[in-house]
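Please open the model in a viewer and keep the selection panel at hand. The tour proceeds from the whole chain to one sheet and then to a single side chain.

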Amino acid sequence: MKHLTLTSALCGALVASGLIAGPAGAQDKVELIYSDTVQETDRRSTILREVFSTCLGDGFEFKPYFGATLFKQGTELTAMQRGNLDMGALAIFDFYNQVPEASILGTAYLFRDYDHMRAVYDGDVLDDLVGKMEEATNIKVLAWPYIGTRHVNIRGDKKVMTPADLDGVKLRMPGGEGWQFVGEALGANPTPLAFTEVYTALQTGAVDGQDNPLPADKQMKFYEVTDQIILTGHLISANVFSISKQKWDSLTEEQQAKVQECSIEFQNALDASTIEQEAELVEFFKSEGLSVYEPDKTAFRDHVLEVFQNSKFSKDWPEGLLDKINGL
């Protein structure tokens, strides 16, 4: 009996010292490394931590990196494919080189409004396309969180009512052929530039303007170095909230279900926050002295869609998908 007591005491000491794994340490936490280009103080980052990370619970260790400090904007997909990154909030144009068909989701004026966008992403109309994206890139699409509707934001007092009025305007667009084409279709002179460099470029006049959703304009304080926001509403944008298949396949079914559940919770929370902010920000920007107005949106829509449909991008669109999207 004395021997058993001593043995128990010895084992207890070893467990406490970490030399023998006790029941609490039998299953390690799942580490999820995430990279994003938005700042740590951005509402998207805050909601990601408060909703997604909290939802995951004690079985996961979520490690987010913001402000493009881990991977530069546009390089996250490659990092995920190489096994250097677990998760990211990707842009649809990140997929273009490997899945040209995906470019249809980056078409300006594709969606009529938020409800139309959500109907497309929540339904089954994209099942085949998403399947091709996942197979070709070895990533798993978890959700499509709404990050806002993109508008043109420029320096100067030139009135912009039609695409012709953007002729010669150096408009910052994210790097990549697809993003540059959006700027070209709008009638501007697109200039590739990292998101983190836009404020300084506007301040110095290296670019004349940029396009982003209103919440991003406020977060990055672009209103301090620009004079007007033209409510073009050309892209109703959702990120591709994703996880590498390598990481996904390493999870148990229960863990996969938890990650998927929390991704949808994050999507719903970010959607609600984005919609709320967009409803309030026009008045905020006006109070900061900016001219905020709606152009001839029919002229913009007709021109941009014609440019897209006559481009090489439309040749890659899955047959009949545009009609299915328009029919929702």
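Select the whole chain and colour by relative accessible area: of its 328 residues, 49% count as buried, where buried means under 20% relative accessible area, exposed over 50% and partly exposed in between, with a 1.4 Å probe and protein chains only. This is a predicted model, in which local features need pLDDT of at least 70 and side-chain atom pairs count only at pLDDT 80 or more, while totals for chains, interfaces and linings use all residues. Residues are numbered from 1 along each chain as its sequence is written, and side-chain values use heavy atoms, with hydrogens and water left out.

With the chain still selected, display the surface. The accessible surface comes to about 15300 Å², and 49% of it belongs to carbon and sulfur atoms; the areas come from the Shrake-Rupley method with a 1.4 Å probe, and for residues only the protein chains shown count as cover. Along the principal axes, the C-alpha atoms fill a box of roughly 90 × 45 × 30 Å.

Switch to a cartoon. The chain has 12 helices and 11 strands, which are DSSP runs numbered from the N terminus (helices H or I, at least four residues; strands E, at least two).

Next, select the strands β7, β6, β8, β5, β9 and β11. In the order β7-β6-β8-β5-β9-β11, these six form an open sheet with mixed pairing; two strands pair if DSSP finds at least two bridges between them. At the edges are β7 (189-192) and β11 (291-293), each of which pairs on one side only. From one strand to the next, the twist averages 35°.

Add helix α4 (residues 114-122), which packs on the sheet and touches β5 (146-154) and β9 (228-238); its direction makes about 20° with that of β9. Such angles run from 0 to 180 degrees between N-to-C directions, and axes are lines fitted to C-alpha atoms, for helices over the stretch in contact. Helix α10 (residues 253-287) lies across β5, β9 and β11, at about 25° to β5.

Now centre on β6 (residues 170-173), which runs parallel to β8 (residues 209-213) and is joined to that strand by two bridges. Arg172 has Gln210 in β8 as its bridge partner.

Finally, select Leu171, which lies in strand β6. Is Leu171 buried or exposed? Leu171 counts as buried because its relative accessibility is 0%. Beyond its neighbours within four places in sequence, Leu171 has contacts (heavy atoms within 4.5 Å) that include Val152, Leu186, Thr191 and Gln210.
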